[in-house]
Structures are given as C-alpha cells and as structure tokens.
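Student: Please take a close look at one loop in this structure and explain its backbone. After that, set the loop in the context of the rest of the chain.

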Amino acid sequence: MLSGFAGGYFINEVHKTPKEERRKEGLKTAITLFGTVLSAIAAPKIASKLTKRNPFPSTCEVINRNKELVNNFISENPNTKIKGILEKSKNKVLSICEVSKLFSEHKEFANKLIPPPENIQAKDIFKEIGYLSIFGAIPVVGGITGGIVADKVTNKDWKEKVPDKINEGIYQYLANIFLCNIGAGTALGILEKLNIKSKAARCIGMVAGIITTGVIGGSAIANFIGNKVINPIILKKEEKEKRTPELLDLSLHTDDIATVSLLSGLKWIEPALPILYSISGYRAGIGYRNDSRLCIDKKDE
C-alpha cells in the first residue's frame, strides 16, 4: 500500500510540473520518495531490534497460526455447526456476521483465534513509547537523507537547503511523533496509577496528553531548536522563523490515533504506522517550511 501511494504521488507530482522541468523534478521526487518509503518499511524491524521487542507477525505467520488453531479445534469438535466459517478463517477475512456467529458458538476458541485488546501495563508503557519513537524517527531520517541526495543530484546549491530539511525533520518528529508519544504515554501512566481501566477514559486521557505535549509544545520546541541551534551552526546565520501547524499537520495526528490504539492494546493497527509516519518523512525530505523568515548574517552584525 505504501509503495502504491508513493507511486501515485510521484505520477501526480510529475504530471503537474511544467514539461521542461519534469525530468529534474521527477528525479528529485523519486529519490526523496525512495529514501522515505525504504526507511519506513524497514522501520519496524530496526525499531524492534533496537528495543528488543518482538516484531509484528507477518501475514504468513498469522495464516499459519490460524490454520493450526482451526485444524486442532475441528479435530476435537468434528460436529461443530460453523465448520465452514472456521475453514474460511484459515486464510480469509471473516465478515462481521461470521465473527459474531463464531463468538456466539465458541467464545473461548474465538478469543484465541481473534485475541481481544489488552490494556498495556504501566511498567511496559515507556518501553512501547521507546519503540514507537524510534519507529517514527527512522522514516524522518530516511526522508531527510533522500531529500539531501535528491538535491545534490539535481541542484548545485543543495547545501543551502539542508537546514530546511533538518528543521522540518525536527518539527515533524517532535510535534507530530515523539512528544505526542510522550504525552500519550504519560497520560496512560497516570491513568494506570489511578487504577482507571476504562478504555474510553484511557483514550480521552491520551488524546489530551497528545494535544498538550505534541500539538502545543512540539511546535514551540522545534522552532526554538531550529532558530537557536540548527541555523546558526549550518548557515552561520540567525534565522528567525516560525513553523506553524497547518491543516495537513493536524491530519498527520491520525498516527497519534493509531498510537493511542496501539497503547490501548489494539495491536492490529501497527502495520499502518509506516504509511502514516512516511508522510512526516517525506515532508522533512522536501524541507517544507510555511512561513517567511528573517535572516541575519553574523558577519554583517
């Protein structure tokens, strides 16, 4: 899916570019997308290895597990009324009605075949946060790397664009990924301490944590780092700019909904994260900025 979305985006970008610039723009977009997509696909395995976390099972592993569970159950219950549904569940997705029938007939087995969400324990929260934060950082780094290579291949003044990519990467990571994870995890930890087990309360609490630390705090911290650290070091200029949240940035917080779901025990949402995080990675790769800036060369001061 991620590769398909990237291919569609590439075609659209090339199509809307003037003919005389299509070759250059196409090469630039392709390299940036390649770095982003490749890193996003590799991110789960790298993050799992660094945090010593069991990686999300592959589709083949899930199918083999389902077949084994179903075969064992049918051998022990040859007269079951839903044998057709069980056979289908080996390698196909069941409909809502079929799942309902499965649970009504054999609830204990159904919970093995389709495990219910688990409330993650407080002691595991920040281990999961660490995994998600590394997971989200990899596509951003891949996007920045791809963007720098793309500029180097297509532009002589590629070095001047590096700070924008780093600053945008910091913004994307802090405001849209890392601090949102920290906010969600902190809120979840507090709820665990208060012994609040309601999934609705946990969800609301984590969303509040995301808004406080990510949406509000992330932007301010990212702009401060860019203005006071990145620009003076790389550009030798004090560049005053303010990267403000916009509609697409807010829509990127869809990945935080996935994070909340994952931390709440809905593990099936995890395979969607590379798609969501790659958007931040690509925007970092193109060095997106949305505000005018005032540059002061330190030599002229």
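Tutor: Asn195 sits in the loop that links α8 (162–193) to α9 (199–234). The model is a predicted one, and in it Asn195 takes a positive phi of about 60 degrees, although Asn195 is not a glycine. Most residues other than glycine have a negative phi. As for its surroundings, Asn195 has a relative accessibility of 56%, and because exposed means over 50%, Asn195 counts as exposed.

A second loop residue can be set beside Asn195. Lys52 belongs to the loop between α2 (22–51) and α3 (59–76). Lys52 is not a glycine either, and its phi is positive, near 55 degrees. The relative accessibility of Lys52 is 75%, which means that Lys52 counts as exposed.

The helix α1 gives a view of a regular segment. Helix α1 covers residues 2–15, 14 residues in number, and at 1.5 Å a residue the helix should span 20 Å; the C-alpha atoms at its ends are 20 Å apart, so the two values agree. Seen down the axis of α1, the buried residues fall within an arc of 35 degrees, and therefore they line one face of the helix. Those buried residues are Leu2, Ala6 and Glu13. An α-helix has 3.6 residues a turn, so residues three or four places apart point the same way. The buried residues of α1 pack against two helices, α2 and α12 (273–285). Gly4, Ile11 and His15 are exposed on the other side of α1.

Now the whole chain. The chain holds 12 helices and 2 strands. In sequence order, the elements run α-α-α-α-α-α-α-α-α-β-α-α-α-β. Of the 301 residues in the chain, 44% are buried. Taking contacts between residues at least 6 apart in sequence, 75% join residues at least 24 apart. The accessible surface of the chain is about 16,600 Å², and carbon and sulfur atoms account for 63% of that surface.

To return to the loop you asked about: Asn195, between α8 and α9, pairs a positive phi with an exposed position.

Conventions: Residues numbered from 1 in each chain as written. Predicted model: local features only at pLDDT ≥ 70, side-chain atom pairs only at ≥ 80, totals over all residues. Heavy atoms only, no water. Helix = DSSP H or I, 4+ residues; strand = E, 2+ residues; numbered from the N terminus. Buried < 20%, exposed > 50% of the residue type's maximum accessible area, 1.4 Å probe, protein only. Expected span 1.5 Å × (residues − 1). Arc of directions from axis to C-beta. Contact = heavy atoms within 4.5 Å. Areas by Shrake-Rupley, 256 points an atom, 1.4 Å probe, with all protein chains shown as cover.
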